[in-house]
Amino acid sequence: MRELDYGKVGMRIRQVRKAKGWSQSRLAKKCGISMSFLGHIERGSRIMSMETFVAICKALEAGADELLWGRAQSSQAVLDMWEMPDGEAGRDRAGADRKNSDSYAMYVRIMKSVAEIMNGA
């Protein structure tokens with residue numbers, strides 16, 4: 001697994017923020033963090049929580065892939081990942097429940113992976 005470079009993540013956050021014409025103060029307020037902490041995040045000198053990262057993604061309307069790795073993944077590619085194999089789309093309620101359960105399990109695995117990356121594991 002690739003090592004997460006917090007300096008690059010911070011640089012990408014700064015680039016997106018500046019492209020929107022926002023000050024650090026404006027983004028910090030939208031995310032519920034201090035301007036000082038945002039400065040540390042942008043310099044890569046402090047590690048943010050998952051909640052803060054999600055707040056930044058939402059405020060900037062930026063995808064996690066874009067900020068973490070510098071590449072945006074299309075929404076459709078993410079949705080395709082969650083689709084059932086051919087022939088299972090028309091299943092009864094039990095099939096729909098299994099799809100939701102499988103999707104939830106995949107979501108949990110993804111979030112655990114992101115948490116490990118964020119914690120430097």
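Helices and strands here are DSSP runs, numbered from the N terminus, with at least four residues for a helix and at least two for a strand. Keep that in mind as you work through these exercises on a predicted model.

**Exercise 1. Work out how many helices and strands the protein chain has, and in what order its elements run.**

Start with the count: the chain comes to seven helices and zero strands. Now walk along from the N terminus, and the elements read α-α-α-α-α-α-α.

Next, get a feel for the chain as a whole. Of its 121 residues, 29% are buried. About 7,900 Å² is exposed, and carbon and sulfur atoms supply 51% of that area. Finally, take the contacts with a separation of 6 or more: residues 24 or more positions apart account for 61% of them.

**Exercise 2. Find which residues of α3 are buried, and what they pack against.**

First pick out the buried residues of α3, which are Phe37, Leu38, Gly39, Ile41 and Glu42. Then look at what surrounds them: these buried residues pack against α1 (6-19), α2 (24-31) and α4 (50-60). Last, step just past the end of α3, where you'll meet Gly44 with a positive phi of about 80°.

**Exercise 3. Decide whether Glu42 is buried or exposed, and say what its side chain touches.**

Begin by placing Glu42: it sits in helix α3, which covers residues 35-43. Now apply the cut-off. Buried means under 20% relative accessible area, and Glu42 counts as buried because its relative accessibility is 1%.

On to the partners. The Glu42 side chain makes a polar contact with the side chain of Gln24, at 2.8 Å. Set aside neighbours within four places in sequence, and Glu42 is in contact with Gly7, Gly10, Met11, Ile13, Arg14, Arg17 and Gln24.

**Exercise 4. Follow Gly10: where does it lie, and which residues is it in contact with?**

Gly10 lies in helix α1. Its relative accessible area is 0%, so Gly10 is buried. Leaving out neighbours within four places in sequence, Gly10 is in contact with Ile41 and Glu42.

Now compare sequence with space. Gly10 and Gly44 are 34 residues apart along the chain, yet their C-alpha atoms are 5.4 Å apart.

**Exercise 5. Describe the largest cavity: what is its volume, and which residues line it?**

A quick idea to start with: rolling a probe the size of a water molecule over the atoms shows where empty space is left.

Count first: the structure holds one cavity of 30 Å³ or more. The largest cavity has a volume of about 30 Å³. Its lining is made of Tyr6, Val9, Gly10, Ile41, Gly44, Arg46 and Met48. You've already met Gly10 in helix α1, and Gly44 just after α3.

Then sort the lining. By element, α1 gives the most, with three residues. By type, the residues divide into four nonpolar, two polar and one charged.

**Exercise 6. Locate Glu61, and decide whether it is buried or exposed.**

Look between α4 and α5 (64-69), and you'll find Glu61 in the loop there. Check its backbone next: phi is near 55°, a positive value in a residue other than glycine. To finish, use the other cut-off. Exposed means over 50% relative accessible area, and Glu61, at 69% relative accessibility, therefore counts as exposed.

Methods. Residues are numbered from 1 along each chain as its sequence is written. This is a predicted model: local features need pLDDT of at least 70, side-chain atom pairs count only at pLDDT 80 or more; totals for chains, interfaces and linings use all residues. Side-chain values use heavy atoms; hydrogens and water are left out. Buried means under 20% relative accessible area, exposed over 50%, partly exposed in between (1.4 Å probe, protein chains only). A polar contact is a pair of N or O atoms within 3.5 Å; within protein, one must be able to donate a hydrogen and the other to accept it, and residues adjacent in sequence count only if both atoms are side-chain atoms. Contact means heavy atoms within 4.5 Å. Accessible areas come from the Shrake-Rupley method with a 1.4 Å probe; for residues, only the protein chains shown count as cover. On a 1 Å grid over the protein atoms alone, a cavity is a set of points where a 1.4 Å probe fits but cannot get out, and a pocket is an open set with protein on both sides within 12 Å along at least five of seven lines; lining residues have an atom within 4 Å of a point. Grid points are joined across faces, edges and corners, and a volume is the space filled by probe spheres set on the points. Ala, Val, Leu, Ile, Met, Phe, Trp, Tyr, Cys and Pro count as nonpolar, Asp, Glu, Lys and Arg as charged, and the others, Gly among them, as polar.
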